[in-house]
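Open the model in your viewer and keep the selection tool ready. We will go stop by stop.

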Amino acid sequence: HLESNQALISFCLTTDALHAFVLTRSSFNYVRIDSLAAVQKDVADWLELLKTVENGRKFKGGPLGDRLSRRLIQPIRALVPDKEEWIIVPEGFLYFLPFESLPSGIGEETMLEATTISYQFSSRLILTPEARTNQQARGTGVLAFAPFTGDRFLSTGTYRFPPLPASGEEISGLPGSGYRSRQATKAR
C-alpha cells in the first residue's frame, strides 16, 4: 500500500537497542541501533536545544545533530536512498523527536529540506478505508477460541476457571474459524 517514493520506518525499543524496520513497496530491511542510552540522552539534549531561541542567530545543531543524524538518519537513508517520503512510526521517547529537525546527512540540509516526513501511530493506519474494506472482504482468517462459554467452572489440574458466557458471542461475528466450549482444544 506504499507509493513508489515512500518508505515506512517503524521503530521498536528493547532494553538495550533501538530497532528500525524499513519497508518500501518492494523491500523489507532492518537496522539495529545500539547504545540506546546514548541515543536517548542525545534526543533529550536535542529537544532542549530546540527550545532555546536567540534572536538573529541561525539554529545550529553542531556535533549533537551530526551524531543523531549518524545514528538515526544515515543508516535508514543507506537502505532507502531514493525514497523522498518517510512515514515514521515512533516508539517511546522518539514520539517527542521531530525528525525533520535533524540534519539529513546530505550537505547542510535538514530532513525538513531533504525529505517529506509524516508520522503514524501504527503501520496499519497507512491503509486507506477502501483497502481496509477490501482486506476484510477477502477474509483475514481469524482463528478464535472461547473455551469457557458454559455455565460451569472448568478445572484443569490445579486451576479453576470461572465461566465467561459472553465470550461465545464475542467471537461469533468474526470471519474465519471459531471454537467454543469443549471444541476449543489445544490441538485445534
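A nonpolar core is a set of buried Ala, Val, Leu, Ile, Met, Phe, Trp, Tyr and Cys residues joined through side-chain atoms within 4.5 Å. Buried means under 20% relative accessible area, exposed means over 50%, and partly exposed lies in between (1.4 Å probe, protein chains only). Keep both terms at hand for the stops below.

**Before you click**

This is a predicted model: local features need pLDDT of at least 70, side-chain atom pairs count only at pLDDT 80 or more, and totals for chains, interfaces and linings use all residues. Residues are numbered from 1 along each chain as its sequence is written, and side-chain values use heavy atoms, with hydrogens and water left out.

**Stop 1: the whole chain**

Show everything as a cartoon. The protein has five helices and nine strands. Here helices (H or I, at least four residues) and strands (E, at least two) are DSSP runs, numbered from the N terminus. Trace the chain from its start and you meet the order β-β-β-α-α-β-α-β-α-β-β-β-α-β.

Now colour by pLDDT, the predictor's confidence in each residue, from 0 to 100. The mean for the protein is 84, and 84% of its residues reach 70 or more. Which element has the lowest mean pLDDT, and which the highest? Helix α4 (residues 129-138) is the lowest at 58, and β2 is the highest at 96.

Turn on the surface. The accessible area is about 12100 Å², and 53% of it belongs to carbon and sulfur atoms. Such areas come from the Shrake-Rupley method with a 1.4 Å probe; for residues, only the protein chains shown count as cover. Of the 188 residues, 30% count as buried.

**Stop 2: the opening strands**

Select residues 6-13, strand β1, and residues 18-23, strand β2. These two run antiparallel and are joined by six bridges. Two strands pair if DSSP finds at least two bridges between them. A hairpin of four residues connects β1 to β2. Click F11: its bridge partner in β2 is A20.

Add residues 28-33, strand β3. β2 and β3 also pair in the antiparallel sense, over six bridges. Again a hairpin makes the link, through four residues. A20 stands opposite V31 in β3. While you are here, look at the side chains. In a regular strand they alternate between the two faces of the sheet.

**Stop 3: the core**

Where do the contacts gather? The largest nonpolar core has 27 residues, and those with the most contacts inside it are F11, L72, W86, F99 and L102. The elements that give two or more residues to this core are β1, β2, β3, α1 (36-51), α2 and β4 (85-89). α2 gives the most, with five residues.

Select W86 and show what surrounds it. Leaving out residues up to four places away in sequence, W86 touches a list that includes A7, I9, I73, M111 and I117. Contact means heavy atoms within 4.5 Å.

Stay with helix α2 (residues 62-79) and pick S69, which is found there. Is S69 buried or exposed? S69 is buried, with a relative accessible area of 1%. Beyond its neighbours within four places in sequence, S69 is in contact with Q74, P75, P103, S104 and G105.

**Stop 4: the rings**

Show Phe, Tyr and Trp as sticks. Rings of these residues (for Trp, the six-membered ring) pair if their centres lie within 6.5 Å; planes under 30 degrees apart count as stacked, over 60 as edge-to-face and the rest as tilted. The whole structure holds six aromatic pairs. F21 and F28 have ring centres 6.1 Å apart and planes at 20°, so this pair is stacked. F21 is partly exposed at 29% relative accessibility, while F28 is exposed at 52%.

Next, select F145 and Y179. Their ring centres are 5.6 Å apart and their planes at 25°, so they too are stacked. This pair links distant parts of the chain: F145 sits in strand β6 (residues 142-146) and Y179 in strand β9 (residues 176-180), 34 residues apart. F145 is partly exposed at 34%, and Y179 is partly exposed at 23%.

Then pick F11, F99 and Y119, which form one aromatic cluster.

**Stop 5: far in sequence**

Select A44 in helix α1. A44 is partly exposed, at 40% relative accessibility. Now add F93. The two residues are 49 apart along the chain, and their C-alpha atoms are separated by 8.4 Å. For the protein, residues 24 or more positions apart account for 55% of the contacts with a separation of 6 or more.
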